[in-house]
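Q: Please take a close look at a single part of this model, chain B, and describe how that chain is built and how it meets its partner.

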Amino acid sequence: MERSLFGYIIRYSKRDQLLIVPLVVASMVLYFLSLDLPKTIINEPIQGRRFPDPESTVSFLGIALRLPEFIGGDWRLFDGFVLERMPYLFALTLAFLLLIVANGLLKYQINTMKGWMGERMLRRLRYALFDHILRFPLARFRRVKSAELATMIKDEVEPLGGFVGEALITPLFLGGQALTALLFILYQHVYLGMIALGMVAVQAVIIPKMRRRLLTLAKQRQLTARQLAGRIAEVSDGIVEIHAHDTSNHERADIAARLGRMFRIRFEFYQRKFMIKFVNNFLSQLTPFLFYSVGGYLVIVGKLDIGALVAVIAAYKDLPTPVKELIDWDQQRLDVQIKYTQVMEQFMVENLAPRTLHEVIDRPLLPQHGKICASNLSLVDESGSKVVDGVSFEVGLDAHVAIVGRPDSGRSELAQLLARLVPPSSGTVSMGDIDITRAPEAVTGRAIAYVGPSSYLFPLSVRENLLYALKHRPVREAVYEGEELREREFQLREAARTGGTSLDIGADWTDYESAGVADADALENRVLESLRIVEMEEPMFERGLRSAIAPDRSTELRELLLGAREAMRERLATLHMEDWVERFDPARYNRNATLAENLLFGAPVGKAFDIENLAQNPYVAQVLEETGLTGDLLAVGHQLAGTMVELFSDLPPGHEFFDQFSFIRHEDLPNVKAILARVTEFGLTRIDPADRSQLLALPFKLISARHRLGLIDEALEGRVLEARRYFATRLPGTLRHAVEFFDPTRYTSAASLQDNILFGKIVSGQADAAQRVGGLIRQVLDELGLRPLVVKIGLDYQVGVGGARLPVADRQKIALARAILKRPAVLILDQALGVLDPASQSVVSARLAEHRKGAGIVWVVQRVDAAEQAQHVLVLERGRLVEQGTFDELRKRNGALNRLLKEG
Amino acid sequence: MSLDQEVEMMRQIPLFSRIAPAMQKLLCFGSERLTYDPGQVLVKVGDMADAAYVIIEGQAEVSVPSQRGTVVVNTMGKNEVIGEIAIFVDLPRTATVTAITKVEVLRISKDLFINVVRQNPDAAIELIRILAMRLVNTTQQLIKNTAGAK
């Protein structure tokens, strides 16, 4: 990338800029004409200079070719229209109007083209910067904050786009305009012209001087803003530490200080900016004063005609603006130049990966057989010390190799060198016949899979995270038609014009071949297999059971799950366990569900009928009122409040029972007591609405079977059922989509898979019911062959930012599954199982070894004894390979491995 | 049977009788009312103790493993309490309790019970008294046994 902004602009937008130039020149001509015309209008038709008597006529638009006398004198091409005084006036004014319109249209065209050009350059610049990020060496990311990178690409280069359009055209256009006006004035009268010229010169000298300080301020402003973005990101990344160490106020103070500095900068900035504006305005308004006085004098003494004076003043009106804008442009140029340089400083990095390294290669030659050879491999870190020092070894490509050593032995660095994540300072690695240190990523990224101690998951679904490793290139192009095709072609043209990639994100990038399968179905099975290896199949099954299926899933799936519901019902019946699950029955009150659930009798969609806050819903209140249930529930709420006060009054605040059992929080107890007192005084019917709604909300969470308070008798149950029916039949159209009612014959999309299969509540009074019923659901799903389907639904789970919605161990397991899914020639595991618990560490490592039989693993192990299952062991000490061989050989020797084993 | 009946029953059990009435009610309210079918296991030997059980209805047998297989050592019925000592010491269950008939219990979780006792000094003293009585009985039994053996 060019170091200078203008170099960059000229290199990439020369052609576009040149296309605009003729338009600017044409616009200048029109502008000059539009300045000249008023003079003619005033002097000729208005003042009647060419109309000595009322019958005089003039020719309008006559065209004559002025030729020297010896050829034959002027040659009239067109005699023009012969017009009298009045029509001549209108003809001229009409011509004036046309000039203005034509000039306006030209300006419109110029502005649009400038805008396009600017956006194209901005796009090119942003893409190039992003491309640089992808080519940064890994070490770079330890020093630069991600938020700062984002701010630079998003915000800091933004004004550059605006400026590119202005960069060459504006000085040309405005300069031309100012020059035209100036020439025009000079042409009218030399003195007046000199006055204008003098004022412009003063403006052009003083203003930039005053602005010098502004540039420094602008630079500071950019840096402080970028750092602020970085700090805010830091706070969000380190939020746990902040709360754990009570440093939130320290952070507040830090941000406040930064904002203060930014304010200070802006404060001074504005002060100077408006001062400059004042001076500028003063200077430009001083000139008309001079024109009126000097010009007026000249007219009076007869050295200037009025028409010319009016035209000069009109021309001058247009002069300060372009001059001021020119000065603005110059200011902007310096400002943007600073921004550009500052951004470039961050992106001009040594050791940028060459472009060829990231080339798209359809079917690169991958290492198949042979050996991994490291020869004299060394890595010097930023501080200049050798973390890997002259390591050479040779092992089979299909061998399971363990690398052991202390944490500072360079074991991780060696793994990263082998994975070619870091280029070696010297030495080479080859796999098969391929030199890995120089091979393009198309080779290394497919032949090698690296899983580090803590892997990153993208904020996508689990499935998309797994398939991420297969997206090396668009495999099946998307098919576009009609409008979409035109849009795609437009995008391709523009991408080509701005140095962007032509690869289509809309294409299917999933490379089945890389996963060793033929089609999408086979791939799903491979995914399941990979999940089983890392012990993630069961957790995903659980997720699946607890999630609702996406609305776009096929109805076939719904049918299958309805089948499971029926099978589950039958299974419970054959085991005489029907009464372990109280099924949802439109005609019956479910005593194991809350009153709210009984009333709604459906799954809420969206927030309107949120089951936790159902009592607050106005439609629910209306239903209760109209079915006469309000009074009943108020009475129940009153009793419930009484019981709660009786049970919980003596407990100290913050007692865990409040959370576990109470319907009322401790802090609300005094209030509830007060309400109870008011009820005693005035009666239930006469308390105020706020008290009423509090009492009314209480019974909604009652589960008759669990709470055993005997507050909901059969009569009340009947009335709730009535309200349930009333609720459904009168539901207004606007709320129809806010609830999906339970129907024994239909799948409830808004409810979880498990809830759909059970279609009821596990009864609370039956010992071990939850476990046994849960077990039965699994059995039934297994028997129906639906287990893989449920796992697949679980795979739609969104993992959140950085996978934060998953436990750390699960994140790591998914990263492992992602790595084995692409079937690498060598799987490099850099303490990849460290966050797993010991039991699953041994299970997963055994399964991985089994799965990779005949394919290579290079394993940096944390515990030395874990190296026992490897065929070959490399022992590192301070970056040097001090011992290698089989585990048993090395153990017999009294060497480095034994020392490590003794340390434990 | 509703909460009030459970509280009534609890008052008749010495272990709980000294607890303040509101607390008795809270103890019932916070407990789970569970039904076990014949053959279902309430507590299993070796499991960690996380709850005590009050039998409301039905019969359960207590068995311990021995060299000759499991031996039934006791049968328990209405108003009897299972596993109240184990929840004060973090030790595994020493016996298995299995429902013989359909059994209804109140399952009082360890946390709930300890919390209630903590709030009620009288109940704590009653608990100590009951445990002390058992210790006395056991000691006497032991003395008798040793004397008999001589």
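A: Helices and strands are here DSSP runs, of at least four residues for a helix (H or I) and at least two for a strand (E), numbered from the N terminus. On that basis, chain B of this predicted model contains five helices and eight strands. Read from the N terminus, the order of these elements is α-α-α-β-β-β-β-β-β-β-β-α-α. Chain B has a radius of gyration of 16 Å, close to the 15 Å that the globule rule gives for 150 residues, and it is therefore as compact as a globular protein of that length. Along the principal axes, its C-alpha atoms occupy a box of roughly 50 × 35 × 25 Å.

Within chain B, 30% of the 150 residues count as buried. Of the contacts between residues at least 6 apart in the sequence of chain B, 74% link residues at least 24 apart.

As to confidence, the mean pLDDT of chain B is 87, and 97% of its residues reach at least 70. Among the elements of chain B, the lowest mean, 83, belongs to helix 2 (residues 14-17), and the highest, 93, to strand 7 (residues 96-99). The model has an ipTM of 0.84 and a pTM of 0.78.

Where the chains meet, 13 residues of chain B are in contact with 13 residues of chain A. On the side of chain A that touches chain B, the elements giving two or more residues are helix 21 (629-648) and helix 22 (656-661) of chain A. Helix 22 of chain A provides the largest share of that side, three residues. By type, the residues of this side of chain A comprise five nonpolar, four polar and four charged.

Technical notes. Residues are numbered from 1 along each chain as its sequence is written. Chains are lettered from A and ligands numbered from 1 in the order in which they are written. This is a predicted model: local features need pLDDT of at least 70, side-chain atom pairs count only at pLDDT 80 or more; totals for chains, interfaces and linings use all residues. pLDDT is the predictor's confidence in each residue, from 0 to 100. The radius of gyration is taken over C-alpha atoms; the globule rule is 2.2 Å times the number of residues to the power 0.38. A residue is buried if 20 or more other C-beta atoms lie within 10 Å of its own, exposed if 12 or fewer, and partly exposed in between; C-beta atoms are placed from the backbone. Two residues are in contact if their C-beta atoms, placed from the backbone, lie within 7 Å. Ala, Val, Leu, Ile, Met, Phe, Trp, Tyr, Cys and Pro count as nonpolar, Asp, Glu, Lys and Arg as charged, and the others, Gly among them, as polar.
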